[in-house]
Amino acid sequence: MDTFRDKLKEMQQFFGLEESGELTPCTLAAMKRPRCGLSDVETFGETVKWKNKNLSYRITNYSPTMRPSQVKDAIRRAWKVWSDVTRLRFPRRSRSKADIMISFRIRDHEDEFTFDGKGGILAHAFQPGTGIGGDVHFDSEESWTVNSTGINLFAVAVHEFGHALGLQHSRDPGSAMYPAYNFVRLNEFELSYNDVRDVQEMYGESEISVKRPPPKTPEKCDPELSFDAVMTLQQELIFFKDRFMWRSHPNFHQIGITLITSLWKAVPSHINAAYETSENTILFFKGSQYWAVQQLEALHGFPKDISEFGFPQRVKAIDAVLHLQAERRTVFFTGNECWRYDEEQKQMAAGYPKPTAHEWAGVKTPLDAAVFHEGFVYFFSGHLQYKYDPIHKHVVQTMYANKWLQC
Ligand code: TQI
Ligand code: ZN
Ligand code: ZN
């Protein structure tokens with residue numbers, strides 16, 4: 001039997017809201033969103049879509065925190081995200097009327113979705129339709145930026161333009177339509193596999209598909225799952241994969257996936273290795289560079305070159321790093337070799353590199369990740385991990401790499 005609560009939950013799911021079954025202000029706002037289905041749109045399942053492949057837009061005013069040229073650029077790039085994967089084209093109009101009118105508005109602005117000042121609601125978009133349909137309003141009181149210091153206009157615009165094209169919220173944490181703000185560096189932004197599938201289902205694929213396939217968001221319970229890096233952070237184990245990470249804390253029951261940038265804005269995706277030093281600095285390694293982060297903030301002067309650790313020029317990247325806090329040393333792994341770095345002397349120990357097989361018997365190389373946790377070392381290689389007893393110097397157990405992620 002469908003109760004009012006069930007109906008509400010269904011609606012909340014549809015809007016990507018928390019499925020509480022309660023009539024919250026957000027749900028009310030979602031219900032009030034205009035649904036027009038007139039001449040230039042058609043219904044598409046439960047949503048509406050544009051009929052036309054050429055959708056003009058016009059920016060009618062600008063943000064006080066950005067130069068007009070920066071706004072234009074962020075908006076143009078946000079449209080390009082969607083036109084790159086579909087047959088849609090988004091020409092800009094500077095004077096004439098356009099399908100999609102983009103503006104910066106303050107508080108009450110004549111559409112019943114009053115903005116709330118700095119913070120909270122950042123923007124909204126109307127689903128495809130005539131008149132206000134497809135229009136996008138940005139809250140003018142936000143500190144819109146081109147970087148991570150305020151609210152990144154590009155990131156929010158990609159999301160709002162998705163709504164303006166008729167896309168709903170997604171449950172995929174890697175999706176541009178996931179209902180959580182995330183800073184993304186312009187050159188690193190990617191739609192997720194689901195975004196591309198959803199928008200192409202509505203508007204068709206782009207004619208020229210030179211792009212590499214969009215990335216699927218990793219599933220923690222995939223038996224094939226491997227990791228880029230694993231580290232401990234105080235009591236937590238943190239697992240890195242592509243743009244994402246999982247945090248396994250002894251006191252939290254649920255292990256959820258989050259974007260790395262939701263915690264550390266400066267840290268790139270697809271890292272090679274990471275560890276927390278005894279000085280509570282976290283080092284992230286990718287290619288020949290490494291980044292240092294303290295209390296979520298990137299330290300000045302980074303990224304630096306890994307040659308600072310004493311690697312010769314031939315070492316272009318490291319596979320894994322293992323920090324042994326009690327011994328004040330760190331072990332780097334490259335190919336089938338390992339390097340011992342003395343944290344006290346701040347230099348590579350003499351006699352290294354050595355074959356990993358000699359120093360760590362039974363461990364498969366090349367490694368993806370290594371971490372010390374509660375008296376054991378865990379080495380990750382592909383979808384497996386090796387539990388190593390450092391006292392008796394042998395592997396005591398082989399397990400799936402994702403065995404910490406509660407599957
Ligand atoms: N604006 C909401 C959003 O775009 C407005 C909205 C759309 C809404 N559908 C809704 C509100 C259903 C309630 C119910 O999602 S926002 C994000 C997020 C916002 C939010 O300002 O809150 C982004 C704008 F959530 F994804 F981070 C941009 Cl990216
Ligand atoms: Zn508005
Ligand atoms: Zn949204």
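## Helix H4

In this predicted model, helix H4 is a good place to start, and its residues Leu153, Phe154, Ala155, Val156, Ala157, Val158, His159, Glu160, Phe161, Gly162, His163 and Ala164 are buried. That makes 12 of its 12 residues, so the helix is mostly covered, with buried here meaning under 20% relative accessible area. From first C-alpha to last, H4 reaches 16 Å, close to the 16 Å expected for its 12 residues at 1.5 Å a residue.

Both ends have something to look at. At the N-terminal end, Asn152 acts as the cap, with a side-chain oxygen 3.3 Å from the backbone nitrogen of Phe154. Just after the helix comes Gly166, which takes a positive phi of about 105 degrees.

## The zinc site

What coordinates the zinc ion (ligand 3)? Three histidines do the job, each through NE2: His159, His163 and His169, at 2.0 Å. Along the chain, the donors follow the spacing H-x3-H-x5-H. Two of these names, His159 and His163, have already turned up among the buried residues of H4.

How covered are the ligating side chains? His163 counts as buried because its relative accessibility is 8%, under the 20% cut-off. His169, at 25% relative accessibility, counts as partly exposed.

## Two nonpolar cores

The largest nonpolar core has 44 residues, and the members that touch the most others are Ile75, Trp82, Ile102, Phe138, Phe161 and Leu165. Several elements give two or more residues to this core: strands S3 (57-59), S4 (100-105), S5 (123-125) and S6 (136-139), along with helices H3 (68-83), H4 (153-164) and H5. The largest share comes from H4, with 8 residues. In soluble globular proteins, nonpolar side chains tend to be buried together.

Ile102 gives a feel for how the pieces meet. Leaving aside neighbours within four places in sequence, Ile102 is in contact with Tyr57, Arg58, Ile59, Thr60, Asn61, Ile75, Trp79, Val136, Phe138 and Phe161. There is also a second, separate core of 18 residues, and Leu237, Ala369, Val371 and Met399 are among its members.

## Around Thr217

Thr217 sits in the loop between helix H5 (193-203) and strand S9 (229-233). Is Thr217 buried or exposed? It counts as buried, because its relative accessibility is 16%.

Its side chain makes a polar contact with the side chain of Asp172, at 2.5 Å. Apart from neighbours within four places in sequence, the residues in contact with Thr217 are Asp172, Pro173, Gly174, Ser192, Phe244 and Ile257.

## Gly117 and the Arg107–Glu141 pair

Glu141 and Arg107 form a salt bridge, with their closest N and O atoms 2.7 Å apart. Glu141 is in the loop between S6 and strand S7 (144-145), whereas Arg107 is in the loop between S4 and S5, so the pair ties together parts that are 34 residues apart in sequence. Both ends of the bridge are partly exposed: Glu141 at 28% relative accessibility, and Arg107 with a relative accessible area of 41%.

Gly117 belongs to the loop between S4 and S5. With a relative accessible area of 0%, Gly117 is buried. Not counting residues up to four places away in sequence, Gly117 touches Arg107, Asp139, Glu141 and Glu142, a list that takes in both partners of the salt bridge. Gly117 and Arg107 are 10 residues apart in sequence, and their C-alpha atoms are 6.5 Å apart in space.

## Other salt bridges

How many salt bridges does a search of the whole structure find? The total is 13. Side chains of opposite charge can pair when their charged atoms come close.

One of these pairs is Lys80 with Asp84, whose closest N and O atoms are 3.0 Å apart. Lys80 counts as partly exposed at 42% relative accessibility, and so does Asp84 at 25%. Another is Glu359 with Lys354, where the closest N and O atoms are 3.9 Å apart. Here too the partners count as partly exposed, Glu359 at 26% relative accessibility and Lys354 at 30%. Asp73, Arg76 and Arg77, for their part, are linked in a network of salt bridges.

Definitions and conventions: Residues numbered from 1 in each chain as written. Chains lettered and ligands numbered in written order. Predicted model: local features only at pLDDT ≥ 70, side-chain atom pairs only at ≥ 80, totals over all residues. Heavy atoms only, no water. Helix = DSSP H or I, 4+ residues; strand = E, 2+ residues; numbered from the N terminus. Buried < 20%, exposed > 50% of the residue type's maximum accessible area, 1.4 Å probe, protein only. Polar contact = N/O pair within 3.5 Å; in protein donor to acceptor, adjacent residues only side chain to side chain. Contact = heavy atoms within 4.5 Å. Core = buried A, V, L, I, M, F, W, Y, C linked by side-chain atoms within 4.5 Å. Expected span 1.5 Å × (residues − 1). Donors = N, O, S within 2.8 Å, 3.2 Å for Na, K, Ca; no water. Salt bridge = Lys/Arg side-chain N within 4 Å of Asp/Glu carboxyl O.
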